[in-house]
Amino acid sequence: MRVAVVGHVEWIEFARVERVPAPGQIVDALESWEEPAGGGAVAAVQLARLAGECLFLTVLGDDALGHRAKRELEALGVRVEAAWRPEPQRRAFVYLDAEGERTITVMGERLGPRATDPLSWAELDDVDAVYFTAGDPGAVRAARAAHKLVATVRALDVLAEAHVQLDALVSSADDEGELYTPGDIDPPPLLVVRTAAAGGGSFVAADGHRGEWAAAPLPGPPVDAYGAGDCFAGGLTYGLAEGRPVQQALALAARCGAACVTGRGPYEGQLRVAG
């Protein structure tokens with residue numbers, strides 16, 4: 001299996017608290033740590049753990065955090081090819097409350113690669129699947145050379161401008177920032193997936209076929225919800241790349257999302273065997 005991600009990285013500072021503070025309040029962090037994450041990075045690590053390797057075409061800030069992000073993602077098993085930008089590395093702050101729910105504040109523009117960046121675009125011609133989270137329309141078209149192309153709805157504007165057909169679009173049934181309306185992308189995706197966290201989710205295919213899936217049981221106590229949706233997307237990309245039927249690919253994706261919730265940060269609990 002050869003898989004790749006085209007997308008973004010955020011340097012995340014995590015703070016575990018009993019509760020997210022109300023306006024004007026001060027809370028003490030029970031623990032804190034930091035690591036590279038964001039939708040592109042988390043999915044790339046998940047895919048590397050399922051497939052044995054993953055190519056990640058991305059953009060990083062040419063500063064200490066950007067270079068540290070590259071080193072740490074490579075230590076997690078991802079082959080990182082980065083275009084460097086003079087802007088500071090995009091960062092985020094994440095509260096994790098007593099229930100493991102995350103509250104995110106992002107600082108800086110989401111940076112994705114451009115087709116004109118000197119990256120290994122030609123390698124995408126030979127991969128089984130690409131997951132796309134950020135980039136320009138040319139990057140989307142380059143990613144379409146893969147056998148399967150899956151994307152997040154958070155890149156909707158770029159996807160609409162690229163005018164390529166997606167094998168799957170991943171959105172949320174609950175997040176206002178991840179809404180998709182039929183007609184937003186032309187040609188329409190072959191599959192639109194709407195996640196609903198513990199409620200599982202639903203899908204609709206371009207031919208009108210609809211279905212649902214149940215959330216996978218957690219393989220351990222819940223610890224941290226950050227990255228669960230990105231691991232779901234990575235698992236779905238892998239399942240479709242393998243040629244699994246939609247329901248089987250979604251079942252694998254649900255297992256990836258559930259496994260992520262049981263670990264500290266987005267990587268500790270990640271599923272390592274597709275099964």
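Start by selecting Arg264 and Trp33: Arg264 lies over the face of Trp33, 3.8 Å from the ring centre. Keep in mind as you go that this is a predicted model.

**Stop 1: the rings around Trp33**

Leave Trp33 on screen and add Phe14. The structure holds 4 aromatic pairs. In this one the ring centres are 4.9 Å apart and the planes meet at 15°, so Phe14 and Trp33 count as stacked. Colour by secondary structure and you will find Phe14 in strand 2 (residues 10-16) and Trp33 in strand 3 (residues 31-37), with 19 residues from one to the other along the chain. Both Phe14 and Trp33 are buried. Now show Tyr226 too: ring pairs link Phe14, Trp33 and Tyr226 into a cluster.

**Stop 2: a second stacked pair**

Next, select Trp213 and Phe232. These rings are also stacked, at 5.5 Å centre to centre with 20° between the planes. Trp213 belongs to strand 13 (residues 210-213) and Phe232 to helix 5 (residues 228-241), so the pair ties together parts 19 residues apart in sequence. Are Trp213 and Phe232 buried or exposed? Both are buried.

**Stop 3: Arg16**

Go back to strand 2 and pick Arg16. Its relative accessibility is 14%, and because buried means under 20%, Arg16 counts as buried. What does the side chain of Arg16 reach? One polar contact, of 2.9 Å, joins it to the side chain of Glu31. A polar atom of the Arg16 side chain also lies 3.2 Å from the backbone oxygen of Val223. Display the surroundings and you will meet residues touching Arg16, among them Asp28, Leu96, Asp224 and two acquaintances from the opening view, Trp33 and Arg264.

**Stop 4: strand 6 and its partners**

From strand 2, step across to strand 6, which pairs with it in the parallel sense over 6 bridges. To see one of them, select Ala15 and its bridge partner in strand 6, Tyr95.

Now show the side chains of strand 6 (residues 91-96). In a regular strand, side chains alternate between the two faces of the sheet. Here Ala92, Val94 and Leu96 point to one face and are buried, while Arg91, Phe93 and Tyr95 point to the other and are not.

Finally, add strand 7 (residues 102-107), which runs antiparallel to strand 6 and is joined to it by 6 bridges. Val94 stands opposite Ile104 of strand 7. Follow the chain between these two strands: they form a hairpin with 5 residues between them, and Gly100 in the turn has a positive phi of about 85°.

How values were computed
Residues numbered from 1 in each chain as written. Predicted model: local features only at pLDDT ≥ 70, side-chain atom pairs only at ≥ 80, totals over all residues. Heavy atoms only, no water. Phe/Tyr/Trp six-rings, centres within 6.5 Å; stacked < 30°, edge-to-face > 60°. Helix = DSSP H or I, 4+ residues; strand = E, 2+ residues; numbered from the N terminus. Buried < 20%, exposed > 50% of the residue type's maximum accessible area, 1.4 Å probe, protein only. Lys NZ or Arg CZ within 6 Å of the ring centre and 35° of its normal. Pairing = 2+ DSSP bridges. Polar contact = N/O pair within 3.5 Å; in protein donor to acceptor, adjacent residues only side chain to side chain. Contact = heavy atoms within 4.5 Å. Lists of a residue's contacts leave out its neighbours within four places in sequence.
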